[in-house]
Each structure stands twice: as C-alpha cells, then as structure tokens.
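Colleague: I can read a sequence, but a model leaves me guessing. Could you take me through the features of this one?

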Amino acid sequence: MAGLKELRVRISSIASTKKITSAMKMVAAARLRKAQDLFTKSESYHNGIQTIAGRIYNDIKRIEKESERKIPYPVIMQSRPNQENYLLVVFSSDRGLCGSYNSYILRETLKRIDELQKQNKNVKVLCLGKKIADALKYRKPEVVGDILTGIASKGAKYKDAEQIIESLVREYMAGSFDVCEVIYTHFNSAVNREVMRQQLLPYEFNLDLDDPRYSNRFNDAFFEYDAAEEKVFNDVVFMLLVSEVFQMLLNSQASEQGARMTSMDNATRNAGDMIGKLTLKYNRLRQGAITTELVEIISGAEAL
C-alpha cells in the first residue's frame, strides 16, 4: 500500500508540473507571435533606412570620383590603425527554461574570446542578459564588463536599441575600444535559429551598390539633399545602426521565445508520458493488491 501512496503523490506532482509547463508554453507562444509581428512591422522601416543610406553612400562615391575630393565619413565608420581592444556585445536571456538557446550563445562567445585572446587582443564583454553574464563569470571572469538585464524579459523597445547605440558610440569615440562585435541569435523559425556574429563598430557597408534601389534616381524621381551630403549621411548611418540593433533585439527575443515554447512543449509531452506510465504501474499494483485481498478473503472463508 505504501507503493500505491507514493505513486499517487508522484502522479499528482507531475500533473501539477505539466500544468505549469503547458501554461509557460502558451505564454511563450503569445510572446513569440508578438515578437514576430513587431519584426514584420519594423522590417519595412529598416529596409527604408538601409535604402536611403545606400543611396547617399553611392552618391558620395560618385561625387568623390567626379570631383576628386575626399568627403569625410562619419566617425563611426573610421577604423583605427591598431585594433587592440575588442568589445563583444552578447544578447542572451534573463531566465532559463529555454532549452539550448543560451548554451549555443555561450559556445560562440567563448569561441570568439579564445580566438581574440590568441591574437593578444584585449577583450571585454557587454552582457545583455543575466544568463550569459552568470556563465562568463564562472568561465571567463576577466572579460565580463557591464551587464544589462531586463531588456529581454520586458520585450524589445526601439528606445532600448537607441540607448545601447548612443552608449556604444560614446565609448567608441572616447577610445574605450577599437572594434565592437555583436553576437546574437537570428530567428528562422520556432525550432530553427542560428547564432550570428557581426561587426558593429567601425560600421561597414555590406551592400551591393549596383542594385537599382541604391541609385540616386528612381524612374523619373531624383533625390536631392537640403543639407550637405556628409551631414545627412552621418545622421542616416546612426539611424541605420539603431535599426540594425533593434532587428537583432527582435531576432534574439523571437529566438528565445521559440526555444522556450519548444522546450516547454517537450516538457509537457514528457510529463504526459510519465503520467501514463506511472498510472499504468499504479493500476497494476492496485489490481494486484485487490486480487491479494480477494484471495485472502476466499481462503479465510474456506477455512471456516
């Protein structure tokens, strides 16, 4: 009978856990849909800013070629001769229970840190998320710099991306680091994501300038500037940087929620399987106990 009681307690406990994981799965699914909707809405804005920046950059190249004069680029695009100090900005989650999401990010971060340290570079990590900070404090405490928490848990805001870029640009211009790279997770689907690494500062244009969308003329329309090209370009590049970081935030949060939804779905399924197996075992033990009692009753009646 003690075995039956223990099984009842275990089944009840697992059933409670199943309710929790099922609820967490639904919450993660709702947050994933929200992140996907926001990503879709912001993508057109990002493409627009990218197109404007590409047009101005293309036009500056044309002016330089025709006038044989060098137009000064924004400071955030000017690389330094001795790139000794690296800053890695790593996006992770503030909470666990999201499968392998944080472990893949940690693996890529440690790999990049080792690569840079072998080249005798000075490395610091700006941790956007509590999980990556906790992991690095245990494995590479010397590289841990500032830690920002709360961004991942409260949802991506454009204002957060703007504040991050303002801080990074301020530190870059002050000479705190020479190169800034970002490690984040690109969202493909709820079950498919990829850890990416991208250089943020000094900013580099990776655009096909032969693409018609970056031409200064579109059909019968011709684009002109009210201010000097370099000033407009400087403002637009900053806006493009903010937009790119915002896209990274959205990708990371969608990846986190997708990983959590998948993880909680697996946990819910496993809990259901365990309940089924334990229920079968419980019924067998209970049937055995009933059979034993019946045999004892019949044996006692026959003895009388």
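**Reading the model**

Modeller: Start with Phe 205, which touches Ala 53, Gly 54, Tyr 57, Met 77, Phe 233, Val 237 and Leu 240, leaving out residues up to four places away in sequence. Contact here is heavy atoms within 4.5 Å. Now the ground rules. This is a predicted model, in which local features need pLDDT of at least 70 and side-chain atom pairs count only at pLDDT 80 or more, while totals for chains, interfaces and linings use all residues. Residues are numbered from 1 along each chain as its sequence is written, and side-chain values use heavy atoms, with hydrogens and water left out.

Colleague: Where is the place of Phe 205?

Modeller: Helices (H or I, at least four residues) and strands (E, at least two) are DSSP runs, numbered from the N terminus. Phe 205 falls outside such runs, in the loop between strand 5 and strand 6. Its C-alpha lies 9.3 Å from that of Ala 53, and the two residues are 152 apart in sequence.

Colleague: Does Phe 205 count as buried or exposed?

Modeller: Buried means under 20% relative accessible area, exposed over 50%, partly exposed in between (1.4 Å probe, protein chains only). Phe 205 has 14% relative accessibility, so it counts as buried. Across the protein, buried residues make up 41% of the 304 residues.

Colleague: What else is in that loop between strand 5 and strand 6?

Modeller: Pro 202 lies there too. The peptide bond from Leu 201 to Pro 202 is cis, with omega near -10°.

Colleague: How many helices and strands does the protein have?

Modeller: There are 6 helices and 7 strands. Along the sequence they follow the pattern α-β-α-β-α-β-α-α-β-β-β-β-α. Of contacts between residues at least 6 apart in sequence, 77% join residues at least 24 apart.

Colleague: Which residues touch the most other members of the largest nonpolar core?

Modeller: A nonpolar core is a set of buried Ala, Val, Leu, Ile, Met, Phe, Trp, Tyr and Cys residues joined through side-chain atoms within 4.5 Å. The largest core has 42 residues, and Val 89, Phe 91, Leu 168, Leu 200 and Phe 205 touch the most other members. At least two residues of this core come from each of helix 1 (2-67), strand 1 (85-91), strand 2 (122-128), helix 5 (158-173), strand 4 (179-189), strand 5 (192-201) and helix 6 (229-303). Helix 6 gives the largest share, 11 residues.

Colleague: And what is Val 89 in contact with?

Modeller: Setting aside neighbours within four places in sequence, Val 89 contacts Leu 126, Leu 128, Leu 168, Cys 180, Glu 181, Val 182 and Ile 183. There is also a second, separate core of 22 residues, which includes Val 123, Cys 127, Ile 132 and Val 143.

Colleague: Take a residue of helix 6. What is Leu 278 in contact with?

Modeller: Beyond four places in sequence, its partners are Leu 7, Arg 10, Ile 11 and Ile 14. Leu 278 sits in helix 6. Leu 278 and Ile 11 are 267 residues apart in sequence, yet 6.7 Å apart C-alpha to C-alpha. At 9% relative accessibility, Leu 278 counts as buried.

Colleague: At what angle do helix 2 and helix 3 pack?

Modeller: Axes are lines fitted to C-alpha atoms, for helices over the stretch in contact, and angles run from 0 to 180 degrees between N-to-C directions. Helix 2 (residues 101-118) and helix 3 (residues 130-139) pack at about 45°, with axes 10 Å apart. Under 35 degrees is roughly parallel, over 145 roughly antiparallel, 65 to 115 roughly perpendicular, and the rest oblique. Helix 2 and helix 3 are therefore oblique to each other.

Colleague: Which residues meet there?

Modeller: Helix 2 brings Asn 102, Ile 105, Leu 106, Thr 109, Leu 110 and Ile 113, while helix 3 brings Lys 131, Ile 132, Ala 135, Leu 136 and Arg 139.

Colleague: Is a charged residue in helix 2, such as Arg 112, buried or exposed?

Modeller: Arg 112, in helix 2, is buried, with a relative accessible area of 11%. It touches Tyr 86, Leu 88, Glu 181, Ile 183 and Arg 197, not counting residues up to four places away in sequence.

Colleague: And Asn 120: buried or exposed?

Modeller: Asn 120 is exposed, with a relative accessible area of 63%. It lies in the loop between helix 2 and strand 2. Its phi is near 65°, a positive value in a residue other than glycine.
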